[in-house]
Each structure stands twice: as C-alpha cells, then as structure tokens.
Amino acid sequence: MLVVMRKDATDEQIHRVVDAIRKIGLIPHPIPGSMRTSIGVTGNIGRVNADHIGGMAGVLEIIHVTKPFKLTSREMIPEQTVIEIGDAQFGEGNPVIIAGPCAVESYEQMTTTASAVAEMGADMLRGGAFKPRTSPYSFQGMGLEGLKILNAARMRTGLPVVSEALDIESFPLVERYVDVIQIGARNMQNFELLRRAGRSKKPVLLKRGISATINEFLLAAEYVMSEGNYNVILCERGIRTYSNHSRFTLDIGAIPELRSLTHLPIIVDPSHAAGKRSTVIPLARASLAVGSDGLIIEVHPNPAEAVSDGPQSLTFDMFREFMSEVRQTPVRSRLVKEVLT
Ligand code: PEP
Ligand code: MN
C-alpha cells in the first residue's frame, strides 16, 4: 500500500500518518519525492483495517500496490533510483563500468589490473576475496589478505571497489573494506544474508540466482530494502537453460522487463553468462543496447594463468578496445526512455 501525501502536506501531518501506520502493526517507509512525499507501507496489510488512513489530514490518496514486491516496485516508487558510489552514478543514464579479475590473487595481479583498467576508463574495480566455488578443492579466495589488497588497489587508483560477502560470518569484514557489497548468484535466496545486507550502510550489488524468476529476484531485493537499505543494484548474470554453448544464458529480455517493474538500477555481468572471452563483448554491447545501467566485466593481466575464470576474462587489449567503443556511444538516455514508454 502507498499513502500519497498532498503536495502541501506538513511535516506534522506526515508524522501523524507514519504513527497511525505503526499503530496498526504495519511498517511505514517515507519516500520523499521531488513533488510530494509518499509513504510506502509494508507488512501483512490484508489482516488489518487501514481505511481510516485515507481520511487523515494531508493524505491525497491510497494506492494499493498489486505486485508482491513493494519497495522495489515502480508502483510504489516511480522515480528512477540513482546510486552514487564515488564518481560513478548507477541509474543516471551513462553506463557504469566495473572491471577487474574474478579473484584477488596477489598484490601484483590486483594493482596492475587496477591501474590498467583505471587508465582505460573503468569506473569501479571488482575482485573476489571470498570466492563461491563449485568444488571445495578449488581456490576459495585470499580472504582478509585479499580485502587488504583491494584496499591498496583502491588507494592507488581512486576507484571504488566491489567484492562478494559469502556468508554472515565474513560479512562485517567485507563491509568494512569495500564500497559495494556483492551478494552472489548462489546466495540470492540466502535470506539471512540478505537481511544482514539490508542492515548495512553500504550499497549492495545483488546478482540474480541461476534459476531465479524475475519475481524471486525482486523479492530478494525486497529483503534488503525491507531492512532499510535502499541502495540495491540489480545484476543480471545469466541463468541456467538447456542451451549449452555458453556457461549460462544471458536473459537479455530481463533488462527491459526489470526496468518497467523496478526503479532500482540494473547492470549486467556478461562474463559469467558467456563463460568464454570471445562472447563477452557482444553480450556487453547487447546489454547496453537494451538499457543496462552498467556492466561488471572480468579482466585479467594474464588470463591463461588466472586461478579462476581465466577463459572468460578479457585481456587488457580487449578491454581497452571495448572501453573506447563504450565511451563513444552516448545514446543510453534515449534508449532508456524508449524502453519506458
Ligand atoms: C563473481 O562475480 O565473482 C561471481 C562469482 O558471480 P556469480 O555470483 O554471478 O556467479
Ligand atoms: Mn568469476
């Protein structure tokens, strides 16, 4: 349910409505807009009688949000959310490019990559310190040491960093060192982890689960937002289908669909979808063409020697060429408008 306040509603009237919502056991989420304040209401609305709220002073109307996801929906928050991280603005119109290796492997590997991608025009750095691996015998990440290296790479280049928090135990450590906390595809329905991310002050990059529907994806984001963290960036990274020419199947249609359903920024990870470097750039181009707010791309100084995801990592030369292409195409705003109308 959304309580839309009149343009001239006073702070006092807004507070009274917020209190009245709490009194009937629901949770108010004031959403200041450019024209007027609205108050999103979550909780088990079907069980209470909220009719009296509509008649309170300052209330313009009550809108019933039909979708199961509420705070993530455009029905509740029509204005596009823009998330600022350093100089990068997700959702503002120009694509934000995040680049770096799959995993932090050494000081040398991470800082070399960071300097190279910064010089080529990347906006943010990626690098896993805690790695979710299919096999327990594969490299599991450098842990705290990896986070310290990421921090050094950030200091050297000035680029903000994103890294994955794998579980509740390591969450505070990752939270302390990074600018954006990644919740990986395998953890998209780890509800306790989502709730913990919702209590963080840092923005969250939420990846779509490999078999998650759009509904499930948005409800996962809802878990984070329902705890008070509204800075969620969604990431389409490919889903599991019967098609086996690539590692996953990039669900390109999900981007315009998400755009119409949610106000949250949406980015794409073409690297994990493709699984091989030859298709990463074509998928990246396609993602920007359908209105992605950014890309997260794996780049490695020597992919043949990478400890994880070498086959899908771009070389520096490939990334440089792609970046010069991206920066020459300022057509995003128009494309997004087309998708929305
Ligand atoms: C990653 O980005 O390092 C990663 C493991 O991605 P995903 O969770 O999408 O597989
Ligand atoms: Mn990877």
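# A manganese site and its helix neighbours

C102 is buried: its relative accessible area is 3%, and anything under 20% falls in that class. This residue is a good place to begin a tour of the structure, which is a predicted model. C102 is one of the protein donors of the manganese ion (ligand 2). From there we will visit some helix pairs, and then two residues in loops.

**The manganese site**

- Which residues hold out donor atoms to the manganese ion (ligand 2)? They are C102 with its SG atom, H272 with NE2, E298 with OE and D309 with OD, and they lie 2.0 to 2.4 Å from the ion.
- Along the sequence, these donor residues follow the spacing C-x169-H-x25-E-x10-D.
- The pair C102 and D309 links distant parts of the chain, with their positions 207 residues apart. C102 sits in the loop between β7 (96-100) and α2 (107-119), while D309 sits in the loop between β14 (294-298) and α10 (316-327).
- Is D309 buried or exposed? D309 counts as buried because its relative accessibility is 17%, and the limit for that class is 20%.
- D309 also has a backbone detail worth spotting: its phi is near 55°, a positive value in a residue other than glycine. For context, most residues other than glycine have a negative phi.

**How α2 meets α3**

- Two numbers help you read any helix pair: the angle between the axes and the distance between them.
- For α2 and α3 (residues 144-157), the axes come within 9 Å and cross at roughly 30°. The two helices are therefore roughly parallel to each other, since angles under 35 degrees count that way.
- The crossing of α2 past α3 is right-handed.
- On the α2 side, the contact uses Y107, M110, T111, A114, S115 and A118; on the α3 side, it uses I149, L150, A152, A153, R156 and T157.
- Sorted by class, the residues of this contact are 8 nonpolar, 3 polar and 1 charged.

**How α5 meets α6**

- The axes of α5 (residues 191-198) and α6 (residues 214-226) come within 6 Å and cross at roughly 45°. That angle makes α5 oblique to α6.
- α5 passes α6 in a right-handed crossing.
- F191, L194, R195, A197 and G198 of α5 meet A220, Y223 and V224 of α6. The residues in this contact divide into 6 nonpolar, 1 polar and 1 charged.
- Which residues of α5 are buried? They are L193, L194, R196, A197 and G198.
- The cover over these buried residues includes α4 (171-177), β10 (180-183), β11 (204-207) and α6.

**How α6 meets α7**

- Helix α6 also packs with α7 (residues 254-261), at an angle of about 50° and with the axes 11 Å apart. These two helices are therefore oblique to each other.
- The crossing of α6 and α7 is right-handed.
- I214, F217 and L218 of α6 make the contact with A254, L258 and L261 of α7.
- How many residues of each class are in this contact? There are 6 nonpolar residues, no polar ones and no charged ones.

**Two loop residues to look up**

- A122 lies in the loop between α2 and β8 (124-126). A122 is buried, with a relative accessible area of 7%.
- Leaving aside neighbours within four places in sequence, A122 is in contact with I97, A99, V117, L159, F319 and M323.
- A122 and R320 are 198 residues apart in sequence, yet their C-alpha atoms are 9.6 Å apart in space.
- I252 is found in the loop between β12 (232-236) and α7. At 30% relative accessibility, I252 counts as partly exposed.
- What does I252 touch, not counting residues up to four places away in sequence? I252 touches A286, S287 and V290.
- I252 and G291 are 39 residues apart along the chain, and 10.0 Å separates their C-alpha atoms.

Definitions and conventions
Residues are numbered from 1 along each chain as its sequence is written. Chains are lettered from A and ligands numbered from 1 in the order in which they are written. This is a predicted model: local features need pLDDT of at least 70, side-chain atom pairs count only at pLDDT 80 or more; totals for chains, interfaces and linings use all residues. Side-chain values use heavy atoms; hydrogens and water are left out. Donors are N, O and S atoms within 2.8 Å of the metal (3.2 Å for Na, K and Ca); water is not among the atoms, so sites may look incomplete. Helices (H or I, at least four residues) and strands (E, at least two) are DSSP runs, numbered from the N terminus. Buried means under 20% relative accessible area, exposed over 50%, partly exposed in between (1.4 Å probe, protein chains only). Axes are lines fitted to C-alpha atoms, for helices over the stretch in contact, and angles run from 0 to 180 degrees between N-to-C directions. Angles under 35 degrees count as roughly parallel, over 145 as roughly antiparallel, 65 to 115 as roughly perpendicular and the rest as oblique. A crossing is left-handed if the near helix is turned anticlockwise from the far one by less than a right angle, and right-handed if clockwise. Contact means heavy atoms within 4.5 Å. Ala, Val, Leu, Ile, Met, Phe, Trp, Tyr, Cys and Pro count as nonpolar, Asp, Glu, Lys and Arg as charged, and the others, Gly among them, as polar.
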